[in-house]
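Visitor: Please take one helix in this model and look at it closely. I would like to know how it is covered, what it packs against, and how the parts around it are arranged.

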Amino acid sequence: MRIQVTPADIAASRYAISPLGETVSALRLCAGQHSAPGLAPWVARVRPVYERLRRDLPAVGALLALLRRGGYNADFIQPPPAGTGRSFADEIAVVRATPLAQARDELARNLVGLRTAPAYAQRIYRSPDVVDRLADAVEVVWTALVEPDWPRLRTILERDVVQRAGRLVTYGWGAAVAGLDPRLSWEPGGHLGAIVVADREPATYSLGGKGLLFVPTVFGTMINYVEPPWPFALVYRAAGVVDLLGPPAPDRPPDALDRLLGRTRAAVLRALAVPATTSHLVRQFGLTLGGVGGHLAVLRDAGLVTRTRTGRAVRYTRTPLGDALARVRDG
């Protein structure tokens, strides 16, 4: 697949964060519908909660029976995010406002080609309150699985957005696409270039000045959207999820960098592969503002991190020396 873009599409492109999208992706991850490198410890931690939800709430099973890759998924269940500041409550309200006729049409299309759903799920799909029942399922998954970790997850996504958006505006499409996913590449072409998606679809689409919606994800996988009601969109794995998801497990044996810098300071250095503010690091590691500030001061004095002011925000990132040191492992 080729998505043609022009320089004018840069100004129209935007980044968005979707707590609802993360909720659906987290459910799929727990159900084994896809995998995400490095997140096995998180899945193991929440698995008892997930299994309880599947056992006690039929609507969760009905929701999972609809979800698939490589085929149509009902759009009303996961509408496109509107921006970085939307809350889960904002997004689930959009789901609940779906007209019943629209939901039935989308569910019918969703079910084409799927193996027959369990009888309890079919009853839910036919019920007059199907929209609310599926929305209730998404909401309970959010509350039980995602919301407890949301401050940390939001930090990961926000940091990725800041980094990626800056690359798009400063360096253009090639830099914005680089590193998003191995299946994506940039094909320069003078005024008209193209984002190439390595899939089986030979079609070519044009943004036509509407720009592209970039949506980073922690729990999901790379997805492209090229048909309504979604805008042209790419969902991609946020950078550094394994290192950013939290402090190291207490039972993990210390490596060479831990022994050199101390366990927490080493974790802070690793996390700064993606620029972060002090507040981001406080949320990520559960430390005090003074504690994070102290670690950053030592790392900065040693030449391992640097800081840059953008407006009122001060962001820290690793220096080349910090990059080299962060790769230290036991041989």
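Guide: A residue counts as buried when its relative accessible area is under 20%, as exposed when that area is over 50%, and as partly exposed in between. The model is a predicted one, and the helix chosen here is α4, residues 58-66. By the cut-off for burial, α4 is mostly covered, with seven of its nine residues buried. Those residues are A59, V60, G61, A62, L63, L64 and L66. Their packing partners are the helices α2, α3, α6, α7 (119-126) and α8 (130-146).

One of these partners, α3, can be described in detail. Helix α3 covers residues 40-56 and packs against α4 at an angle of about 100°, the two axes being 5 Å apart. The angle makes α3 roughly perpendicular to α4, because values from 65 to 115 degrees fall in that class. On the α3 side the residues that meet α4 are Y50, L53, R54 and D56. On the α4 side they are P58, V60, G61 and L64. Sorted by class, this contact has five nonpolar, one polar and two charged residues. V60, G61 and L64 belong both to the buried set of α4 and to the contact with α3.

Helix α3 also holds W42. The relative accessible area of W42 is 4%, so this residue is buried. W42 and E106 are 64 residues apart along the chain, and their C-alpha atoms are separated by 32 Å.

After α4 the chain enters a loop that leads to α5 (88-96), and R86 is part of that loop. R86 has a relative accessible area of 33% and is therefore partly exposed. Apart from neighbours within four places in sequence, R86 is in contact with P19, E91 and V94. R86 and A324 are 238 residues apart in sequence, with a C-alpha to C-alpha distance of 37 Å.

Two of the partners of α4, namely α2 and α6, also take part in the lining of the largest pocket. The volume of this pocket is about 1000 Å³. It is lined by 42 residues, and the closest to its centre are G71, N73, I223, N224 and Y225. The elements that contribute two or more residues to the lining are α2 (19-30), α6 (100-111), β6 (213-217) and β7 (223-225). Of the elements, α2 gives the most, with five residues. By class, the lining divides into 19 nonpolar, 13 polar and ten charged residues.

The strands on this side can be followed through two residues. P216 is found in strand β6. With a relative accessibility of 1%, P216 counts as buried. Leaving out residues up to four places away in sequence, P216 touches A16, E22, L157, D160, V161, Y236 and A238. The last of these, A238, is 22 residues from P216 in sequence, and 5.0 Å from it in space, C-alpha to C-alpha.

The second residue is A233, which lies in strand β8 (residues 233-237). A233 is also at 1% relative accessibility and so counts as buried. With residues up to four places away in sequence left out, A233 touches L212, L213, I223, N224 and Y225. I223, N224 and Y225 are also among the residues closest to the centre of the largest pocket. A233 and L213 are 20 residues apart in sequence, but 4.4 Å apart in space, C-alpha to C-alpha.

A further buried position is found in a loop. T319 sits between β10 (313-318) and α16 (320-326). Its relative accessible area is 15%, so T319 is buried. Not counting residues up to four places away in sequence, T319 touches G303, L304, V305 and T306.

To return to α4: this helix is mostly covered, its buried residues pack against α2, α3, α6, α7 and α8, and α3 is roughly perpendicular to it.

How values were computed. Residues are numbered from 1 along each chain as its sequence is written. This is a predicted model: local features need pLDDT of at least 70, side-chain atom pairs count only at pLDDT 80 or more; totals for chains, interfaces and linings use all residues. Side-chain values use heavy atoms; hydrogens and water are left out. Axes are lines fitted to C-alpha atoms, for helices over the stretch in contact, and angles run from 0 to 180 degrees between N-to-C directions. Helices (H or I, at least four residues) and strands (E, at least two) are DSSP runs, numbered from the N terminus. Angles under 35 degrees count as roughly parallel, over 145 as roughly antiparallel, 65 to 115 as roughly perpendicular and the rest as oblique. Contact means heavy atoms within 4.5 Å. Ala, Val, Leu, Ile, Met, Phe, Trp, Tyr, Cys and Pro count as nonpolar, Asp, Glu, Lys and Arg as charged, and the others, Gly among them, as polar. On a 1 Å grid over the protein atoms alone, a cavity is a set of points where a 1.4 Å probe fits but cannot get out, and a pocket is an open set with protein on both sides within 12 Å along at least five of seven lines; lining residues have an atom within 4 Å of a point. Grid points are joined across faces, edges and corners, and a volume is the space filled by probe spheres set on the points. Buried means under 20% relative accessible area, exposed over 50%, partly exposed in between (1.4 Å probe, protein chains only).
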